[in-house]
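The following exercises concern the surroundings of a bound ligand. Please work through each task before reading its solution.

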Amino acid sequence: MDQLLTPVPTGPFQISAQSPSALKLSLILPTFNESGNISEIVKILSDLLDPAWAGRYELIVVDDNSPDRTWKIALELTKQYPQLKVVHRETEKGLSTAVIRGWQAGQGEILGVIDADLQHPPEILLQLLTEMERGADLAIASRHVEGGGVSEWSMIRRFLSRGAQMLGLVILPEVINRLSDPMSGFFMVRRSAIAGVTLSPVGYKILIEVAARGKIRWIGEVGYVFRERQAGESKVTWKQYLEYLQHLIRLRLSRSSRFIQFCLVGLTGVVVDMGLLFLLSDPSMLALPLTRSKIIASELAIINNFLWNDLWTFGDITRRQPSKRQQLKRFIKFNLICLAGLVLNVILLNLFFNVFGLNRYLANFCAIAIVTFWNFWVNLKLSWRVTEVT
Ligand code: GDD
Ligand code: MN
């Protein structure tokens, strides 16, 4: 009987770009002690999908060695449902990793997930597929759009759910504000949108990982009402809240690391600028005129910053554009942008100090902060832009 199991994918949590077959949809059902639900959900999903999708979809149960032998029951079902596959994990655990391993085992061009406990109404599946066919990269069943809701949730549970969403908005606004229901566990995503990206699955919220790391242009949402469980019990504990916070922070850091690197390089530039200004203009040193010294010091600081940014901050981009001519181009652009930044710096300083009446050091600090953002973004978009060379 064992030979019917689908092998557990191993290695990094990465989805390959090529779907190995012509299948349209791979739908994952993560399970842990769902013996009371698995037969019913497989039947409902098959009945729903067969009319329009027969032969073009697969259902993949990923079970973490459930004590109630859910995987055994699922394996029995494969005789009746040839589109059903079963992955039985004995070492790795956890909902998010189960979903990713399932996608790795899958062959579809669209990768989806639905809870196996019937709390997510399977009927919504067809609407999600319609969204994908209309061109969405990510289609999410949401409790917070028209037609959505929760059934008999206590005030506390609603509050915790909304609180978690608010926390996400604070830490990861540019990702969370695109999702009306970032906690959803029922969605599908185009393989091409997440292929090649290393996913780092912590806890329960695989959707946030996908939305943050994937190339998602268009998001479709379909309302649904979260149902009460009929059989089995929820595996959510307080530990999931901590993992959620850890997940948000990890994503924040990984998304901001380029900017942090850019700021660190900026600091080395300040040291170079200060040091040279001292060497060149100080009466005890070379005693050159101040303006001339400052120009030389600034230019050398710019060269310093450019080299570190080229090597380190934007190193991944540089390696794709290695020729000396391309590097020279980047250097010239970087120089011009820094110069414009300097002008902007002076204008802002004047604005904050003379017009808004801010304290001069606070005004200078604000001006520097804004110019740092400016320098970063414009350089990212112009100097180290990834141009598709054919
Ligand atoms: N393989 C595997 N391993 N499956 C798991 C694990 C695990 O460690 N933990 C839970 N599951 C399976 C359950 O068997 C169920 O099919 C599904 O994942 C959801 O688990 P529940 O414990 O029922 O979670 P919930 O109902 O509280 O929350 C679900 O719905 C929310 C709303 O969409 C989850 O999908 C949440 O992520 C989601 O926010
Ligand atoms: Mn559930």
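**Exercise 1: Polar contacts of the ligand**

Task: identify the polar contacts of ligand 1 with Asp115, Asp64 and Thr31.

Solution. Begin with Asp115, which places a polar side-chain atom 3.0 Å from an oxygen atom of ligand 1; a polar contact here is a pair of N or O atoms within 3.5 Å. Next, an N or O atom in the side chain of Asp64 lies 2.7 Å from a nitrogen atom of ligand 1. Finally, Thr31 offers a polar backbone atom at 3.1 Å from a ligand nitrogen atom.

This is a predicted model, in which local features need pLDDT of at least 70 and side-chain atom pairs pLDDT 80 or more, while totals for chains, interfaces and linings use all residues. Residues are numbered from 1 along each chain as its sequence is written, chains are lettered from A and ligands numbered from 1 in the order written, and side-chain values use heavy atoms, without hydrogens and water.

**Exercise 2: Burial and shell**

Task: state how much of ligand 1 the protein buries, and classify the shell.

Solution. Alone, ligand 1 exposes 740 Å², of which the protein buries 94% (Shrake-Rupley method, 1.4 Å probe). The shell (residues with a heavy atom within 4 Å) comprises 11 nonpolar, 7 polar and 8 charged residues, Gly counting as polar.

Technical notes: A polar contact is a pair of N or O atoms within 3.5 Å; within protein, one must be able to donate a hydrogen and the other to accept it, and residues adjacent in sequence count only if both atoms are side-chain atoms.
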